[in-house]
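Biologist: Could you take a close look at one part of this model, and then connect it, step by step, to the rest of the chain?

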Amino acid sequence: MIECKPQGICSWDFVLTDNGRQAVTSVNWAKEEGSIEVAGLYLQVKKHGMLSGRWTLEHDGNVVASAQKQSAMTRS
């Protein structure tokens, strides 16, 4: 099971641990972007436009995953 702990009392950034492995998230909540660091691997979460609802997870400029929000007015 992944354990997820905030880096501070009101932080949007987390440390995730599971079986001795660790990842660290860093979130810019105002832009809805951030990064994930796992075992020295650095991944960027990018939002493509203020109202687009499209995000990509990138490593060294290459898209490794993407997500698309179905509606601008809902969260899921």
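Modeller: R21 counts as exposed, because its relative accessibility is 54% and the threshold for that class is over 50%. The model is a predicted one, and what follows should be read with that in mind. The side chain of R21 meets that of D18 in a salt bridge, with N to O at 2.9 Å. In general, side chains of opposite charge can pair when their charged atoms come close. The two partners do not share an exposure class, since D18 counts as buried at 17% relative accessibility, where buried means under 20%, whereas R21, at 54%, counts as exposed.

It is worth staying with D18 for a moment. This residue lies in strand β2, which covers residues 14–18. Besides the pairing with R21, the side chain of D18 reaches the backbone nitrogen of M1 at 3.5 Å. When residues up to four places away in sequence are set aside, D18 touches M1 and I2. The picture of this part is therefore of a residue that counts as buried, at 17% relative accessibility, with a side chain that reaches the backbone nitrogen of M1 and also forms a salt bridge with R21.

How many salt bridges does the structure hold? There are four, and besides the D18 and R21 pair two others can be described here. E3 forms a salt bridge with K5, and the closest N and O atoms of that pair are 3.3 Å apart. E3 is partly exposed, because its relative accessible area is 39%. In the other pair, the side chains of K47 and E32 meet with an N to O distance of 2.5 Å. K47 lies in strand β5 (residues 41–47) and E32 in the loop between β3 and β4, so this salt bridge ties together parts that are 15 residues apart in sequence. K47 is buried, with a relative accessible area of 15%, while E32 is partly exposed, with 30%.

The loop between β3 (21–28) and β4 (33–38) also holds W29, a residue that counts as exposed because its relative accessibility is 54%. Together with W12 and V27, W29 makes a nonpolar surface patch of about 360 Å². For the surface as a whole, the accessible area of the protein chain comes to about 6100 Å², and 57% of this belongs to carbon and sulfur atoms.

As for sulfur, the structure holds zero disulfides. Why does C4 not form one with C10? The sulfur of C4 is 15 Å from the closest cysteine sulfur, in C10, which is too far for a bond, given that a disulfide needs the two sulfur atoms within 2.5 Å. Taken from the other side, the sulfur of C10 has its closest cysteine sulfur in C4, again at 15 Å. C4 is partly exposed, with a relative accessible area of 44%, and C10 counts as exposed at 69% relative accessibility.

The wider setting can now be drawn around these details. The protein chain has zero helices and seven strands, and, read along the sequence, it follows the pattern β-β-β-β-β-β-β. Along its principal axes the C-alpha trace spans about 35 × 30 × 20 Å. Of the 76 residues, 14% count as buried. Among contacts between residues at least 6 apart in sequence, 1% join residues at least 24 apart.

Two residues from later in the chain can be set beside this last figure. V64 has its place in strand β7 and counts as exposed, because its relative accessibility is 52%. Leaving aside its neighbours within four places in sequence, V64 is in contact with L43, L57, E58 and H59. The C-alpha atoms of V64 and V15 are separated by 21 Å, with their positions 49 residues apart along the chain. S71, in the segment after β7 (62–68), is partly exposed, with a relative accessible area of 29%. From S71 to I9 the distance is 32 Å, C-alpha to C-alpha, and these two residues are 62 residues apart in sequence.

Key:
Residues are numbered from 1 along each chain as its sequence is written. This is a predicted model: local features need pLDDT of at least 70, side-chain atom pairs count only at pLDDT 80 or more; totals for chains, interfaces and linings use all residues. Side-chain values use heavy atoms; hydrogens and water are left out. Patches are made of residues with over 30% relative accessible area and no salt bridge: like charges are joined within 9 Å, nonpolar side chains (Val, Leu, Ile, Met, Phe, Trp, Tyr) within 5 Å. Accessible areas come from the Shrake-Rupley method with a 1.4 Å probe; for residues, only the protein chains shown count as cover. Helices (H or I, at least four residues) and strands (E, at least two) are DSSP runs, numbered from the N terminus. Buried means under 20% relative accessible area, exposed over 50%, partly exposed in between (1.4 Å probe, protein chains only). A polar contact is a pair of N or O atoms within 3.5 Å; within protein, one must be able to donate a hydrogen and the other to accept it, and residues adjacent in sequence count only if both atoms are side-chain atoms. Contact means heavy atoms within 4.5 Å.
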